[in-house]
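Hi everyone, thanks for coming. I have one structure to walk you through today, so let me put it up on the screen.

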Amino acid sequence: PEQYDLQIGVGCVLKNVLCVVEDNRRAVMKLVEDNEISRNWFPNALAGTGVGDGGDDVDPAEESARAMAVFIQWYYDEEQEPRRKAVEARINRVIAAGEVTVRKNLEKAMAKRTKRNKAVSERMHKASSEMGKLITPWEEERRKKVQSHVLANAYQEKEWTRNFQQRLVAGERRWAEVEADITRTQSTTAAGGHGSAGSSFTNLHA
């Protein structure tokens with residue numbers, strides 16, 4: 001039937017691909033735990049083949065598909081409903097147990113990963129702390145040197161300003177003395193100017 005095409009295809013793959021290996025076929029039969037189903041699904045299991053003996057002119061794939069269609073029709077018959085439900089219940093229990101195992105393994109893997117990440121984080125933190133212990137004294141020494149340079153520069157600037165102010169005061173004092181000398185010279189020249197001028201004129205015409 002067309003509604004069972006998918007089941008027929010999956011059944012053929014299980015029978016003709018997976019179950020051609022004896023260990024796989026035994027595992028499937030053990031999972032099903034139903035001799036009647038096993039006889040109908042693997043009618044030639046004792047002969048070690050998954051297909052029937054249809055002669056050389058019969059296509060093994062077509063023969064296998066027809067045999068699987070017969071099995072599927074028999075398996076989904078109303079009379080086999082109790083048998084089918086029992087098999088499906090066993091398969092569901094195996095799947096559930098497998099899911100539990102997978103979940104536990106996943107939880108273990110996650111726990112190991114978390115533990116490993118924690119260890120890596122702790123090692124990185126420890127390495128960072130040790131590096132910080134090495135850097136901190138260097139930073140303190142560097143800070144002291146910078147502070148020393150700043151203080152030295154401030155002192156030099158203060159000394160330069162003080163010396164400049166002293167030179168400025170000395171310059172202003174000297175300029176005042178020069179102005180005083182000029183003023184005295186001008187006063188002396190003005191007081192004896194005429195006599196000196198007349199004498200100079202007489203000397204020129206003598």
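Let's begin with contacts across the whole chain. Among contacts in the protein chain with a separation of 6 or more, 60% are between residues 24 or more positions apart. Please keep in mind that this is a predicted model.

What is the chain built from? It has six helices and zero strands, so if you read along the sequence you get α-α-α-α-α-α, with buried meaning under 20% relative accessible area in what follows. Of the 206 residues, 13% count as buried.

Now to a helix pair. Helix 1, residues 5–18, packs with helix 4, residues 60–75, at an angle of about 115 degrees, and the two axes are 9 Å apart. The crossing of helix 1 past helix 4 is right-handed. Which residues make this contact? From helix 1 we have Gln-7, Ile-8, Gly-11, Cys-12, Lys-15 and Asn-16, and helix 4 brings in Ser-64, Ala-65, Ala-67, Met-68, Ala-69 and Ile-72. Sorted by type, the residues of this contact come out as seven nonpolar, four polar and one charged.

While we are on helix 4, have a look at Phe-71, which is found there. Is Phe-71 buried or exposed? Phe-71 has a relative accessible area of 8%, and because the cut-off for buried is under 20%, Phe-71 counts as buried. Not counting residues up to four places away in sequence, Phe-71 touches Ile-37, Asn-40 and Trp-41. Phe-71 and Ile-37 are 34 residues apart along the chain, yet their C-alpha atoms are separated by 8.6 Å.

Next, helix 2, and here I'd like you to picture its two sides. Arg-25, Val-28 and Val-32 are buried in helix 2. These residues cover an arc of only 65 degrees around the axis, and therefore they sit on the same side of helix 2. Turn to the other side of helix 2, and you find Asp-23, Arg-26 and Lys-30, which are exposed. Just after helix 2 comes Glu-33, with a positive phi, near 55 degrees.

That brings us to Asp-34, in the loop between helix 2 (22–32) and helix 3 (35–41). So is this loop residue, Asp-34, buried or exposed? With a relative accessible area of 12%, Asp-34 falls under the 20% cut-off, so Asp-34 is buried. And what does Asp-34 touch, not counting residues up to four places away in sequence? Its contacts are Met-29, Arg-83 and Arg-90. With Arg-83 there is also a polar contact, side chain to side chain, at 2.9 Å.

Let's follow that contact over to Arg-83, which is found in helix 5, residues 81–191. Arg-83 has a relative accessible area of 28%; because that lies between the 20% and 50% cut-offs, Arg-83 is partly exposed. Leaving aside neighbours within four places in sequence, Arg-83 is in contact with Asp-34, Glu-36, Ile-37 and Trp-74. Ile-37 may ring a bell, as Phe-71 touches Ile-37 too. The C-alpha atoms of Arg-83 and Ile-37 are separated by 8.8 Å, with their positions 46 residues apart along the chain.

If you take one picture home, let it be Asp-34, buried, with its side chain in polar contact with the side chain of Arg-83. Thanks for listening, everyone!

Methods: Residues are numbered from 1 along each chain as its sequence is written. This is a predicted model: local features need pLDDT of at least 70, side-chain atom pairs count only at pLDDT 80 or more; totals for chains, interfaces and linings use all residues. Side-chain values use heavy atoms; hydrogens and water are left out. Axes are lines fitted to C-alpha atoms, for helices over the stretch in contact, and angles run from 0 to 180 degrees between N-to-C directions. Helices (H or I, at least four residues) and strands (E, at least two) are DSSP runs, numbered from the N terminus. A crossing is left-handed if the near helix is turned anticlockwise from the far one by less than a right angle, and right-handed if clockwise. Contact means heavy atoms within 4.5 Å. Ala, Val, Leu, Ile, Met, Phe, Trp, Tyr, Cys and Pro count as nonpolar, Asp, Glu, Lys and Arg as charged, and the others, Gly among them, as polar. Buried means under 20% relative accessible area, exposed over 50%, partly exposed in between (1.4 Å probe, protein chains only). A polar contact is a pair of N or O atoms within 3.5 Å; within protein, one must be able to donate a hydrogen and the other to accept it, and residues adjacent in sequence count only if both atoms are side-chain atoms. The arc is that of the directions from the helix axis to the C-beta atoms.
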